[in-house]
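Trainee: I am new to this structure and would like to go through it by asking questions. Please show me the sequence and the model.

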Number of protein chains: 2
Amino acid sequence: MATGRTHRPATRSRGIPEATVARLPLYLRALTALSERSVPTVSSEELAAAAGVNSAKLRKDFSYLGSYGTRGVGYDVEYLVYQISRELGLTQDWPVVIVGIGNLGAALANYGGFASRGFRVAALIDADPAMAGKPVAGIPVQHTDELEKIIDDNGVSIGVIATPAGAAQQVCERLVAAGVTSILNFAPTVLSVPDGVDVRKVDLSIELQILAFHEQRKAGEEAANEAAAVPLAPKESGKGPDGDVPAVMPA
Amino acid sequence: MATGRTHRPATRSRGIPEATVARLPLYLRALTALSERSVPTVSSEELAAAAGVNSAKLRKDFSYLGSYGTRGVGYDVEYLVYQISRELGLTQDWPVVIVGIGNLGAALANYGGFASRGFRVAALIDADPAMAGKPVAGIPVQHTDELEKIIDDNGVSIGVIATPAGAAQQVCERLVAAGVTSILNFAPTVLSVPDGVDVRKVDLSIELQILAFHEQRKAGEEAANEAAAVPLAPKESGKGPDGDVPAVMPA
DNA sequence: TTGTGTGAAACCGTTCACAGCA
DNA sequence: TGCTGTGAACGGTTTCACACAA
């Protein structure tokens, strides 16, 4: 940094906790909104509220990046936007390919927030020959045969898999073999990848199931049909919500 | 349970750790696949591999549900499928509404895995009057005006928000006011909800940014242009990836 | 002998509370 | 005085390692 004498990097760069990394985009979004409203500075309290976290967590998170911020005042919005962007690697261009241009793939290609923040859809790839050449979100779909060439020509290191579950592992292997080292997986499958390749998954079905779990608990508590404090009660009698155990039983 | 004498519930039901709950759908998926292949039993090792976790974690997770499983043998697949389904609340029907039928909303409506596992798309809702009546995934889109009535008539407690960011908070408030207590949010905004309402968010842009962070780190390590072990080196000179700090600087 | 179930230890993330700087 | 930056306490999660049941 040219003029950054007052800001010593301290714990610089090595070992930002994963939980913190996952929140940086949240802070960045809140800061960008403030920046657009030309707000010059924010306190940890205000920014935390905008990002939906508590202020202690936010301050701790920022402390891993260095001592940006002025005691008694707060944080300089523009400066923080830059620092977080740089930390996340958003000051560079990330070409991305989307494989599997069904409903979801098309939605992703059209998603605006995708193209903002440094990500650029370099290509859309689908296995269906009938799709080839058809433009989606202004980008012509290319056939899977071209996958390796596309990755190579565009220097793609991030791939998005939006194929059916059955095709995902195979697509993943081709992406990795072609040089992709980060994968965002929308297919409902566990992907096996070699060391050094990052996979993040987004799974609608799993999210819904987690919600259902909590929803069921709420319903159960609400109608407190089981006596409130029964730590070790027998309650052996058949009391399933909708029948009993299925045909097959364990030994 | 009728014949479940051998399986004492132990820690039953109260307080399954959140991290465990989040993995149950993963186990369920792996078990369902085994079930379809008529595999009668699995060891923790095998199932863990299929679910992409390690076996110690899996056993610990299952221990919160009770002592299903036979020492020296493994777990009965069908029985576990049932127990996890019940724990997650998937033995009952969950009507779901999707609000915002753009590219993403349509993709969600068409997503098959959605409709499986107990979730049923009760209605599609959009603010655009031109969409009203148009069928998406075989379900006619209804106008936002009908939102409260739809929630009420169908006893909906889970809502999916796939609107633009600007509309999300307002839609959220209407859903909550109408009785929805679990929300899956695809809009890139922080939603404010009253206590007792669960929100889970899915954010493509955030996932990509997290990948970019790690990707950048890999690139930095690979080309180890900064001398390997320099814990407290000055390195003050301008060395930004693409220029230096922006115009606005902190005090 | 095999593989589950689980205390105990190690690890990570969050919250507290306050010293210290502008 | 106000708000950041951070050590220390806390709580949750993962891993270890082994007793114990089939």
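The turns below deal with DNA contacts, cavities and a sheet.

Trainee: What kind of model is this, and which pLDDT do side-chain atom pairs need?

Mentor: Residues are numbered from 1 along each chain as its sequence is written, while chains are lettered from A and ligands numbered from 1 in the order in which they are written. This is a predicted model in which side-chain values use heavy atoms, with hydrogens and water left out, totals for chains, interfaces and linings use all residues, local features need pLDDT of at least 70, and side-chain atom pairs count only at pLDDT 80 or more.

Trainee: Which residues are closest to DNA strand D?

Mentor: A residue is near a strand if one of its heavy atoms lies within 4 Å of it. By that rule 24 residues surround DNA strand D. Sugar and phosphate account for 64% of the atoms of this strand that come within 4 Å of the protein. The closest residues are Ser44(A), Tyr68(A), Tyr75(A), Arg23(B) and Asn54(B).

Trainee: How far is the side chain of Ser44(A) from a phosphate oxygen of DNA strand D?

Mentor: A polar contact is a pair of N or O atoms within 3.5 Å; within protein, one must be able to donate a hydrogen and the other to accept it, and residues adjacent in sequence count only if both atoms are side-chain atoms. Tyr68(A) uses a backbone N or O atom, 2.9 Å from a phosphate oxygen of DNA strand D. For Ser44(A), an N or O atom of the side chain and a phosphate oxygen of the strand are separated by 2.6 Å.

Trainee: Which base atom of DNA strand C lies 3.0 Å from Arg59(B)?

Mentor: DNA strand C has 23 residues around it. Tyr75(B) has a side-chain N or O atom 2.8 Å from a phosphate oxygen of this strand. Arg71(A) places a polar side-chain atom 3.3 Å from a base nitrogen. For Arg59(B), the partner of the polar side-chain atom at 3.0 Å is a base nitrogen.

Trainee: How many charged residues are in the lining of the second largest cavity?

Mentor: A cavity is a set of points, on a 1 Å grid over the protein atoms alone, where a 1.4 Å probe fits but cannot get out; lining residues have an atom within 4 Å of a point. Residues of both chains line the second largest cavity, including Leu104(A), Phe186(A), Leu104(B) and Phe186(B). Ala, Val, Leu, Ile, Met, Phe, Trp, Tyr, Cys and Pro count as nonpolar, Asp, Glu, Lys and Arg as charged, and the others, Gly among them, as polar. The lining divides into 8 nonpolar, no polar and no charged residues.

Trainee: What volume does the largest cavity have?

Mentor: Grid points are joined across faces, edges and corners, and a volume is the space filled by probe spheres set on the points. The structure holds 2 cavities of 30 Å³ or more. Among the residues that line the largest are Val202(A), Asp203(A) and Tyr111(B). Its volume is about 40 Å³.

Trainee: Which strands stand at the edges of the sheet in chain B?

Mentor: Strands (E, at least two residues) are DSSP runs, numbered from the N terminus, and two strands pair if DSSP finds at least two bridges between them. The open sheet of 7 strands in chain B has the order β5-β6-β4-β3-β7-β8-β9, with mixed pairing. Each edge strand has a single partner, so one side of it is left without a neighbour in the sheet; the two are β5 (135-136) and β9 (198-201).

Trainee: Which residue is the bridge partner of Asn185(B)?

Mentor: Strand β8 (residues 182-185) of chain B is joined to β9(B) by 4 bridges, and the two run parallel. In β9(B), the partner of Asn185(B) is Lys201(B).

Key: 1 Å grid on protein atoms, 1.4 Å probe; cavity = no way out; pocket = protein on both sides within 12 Å on 5 of 7 lines; lining within 4 Å.
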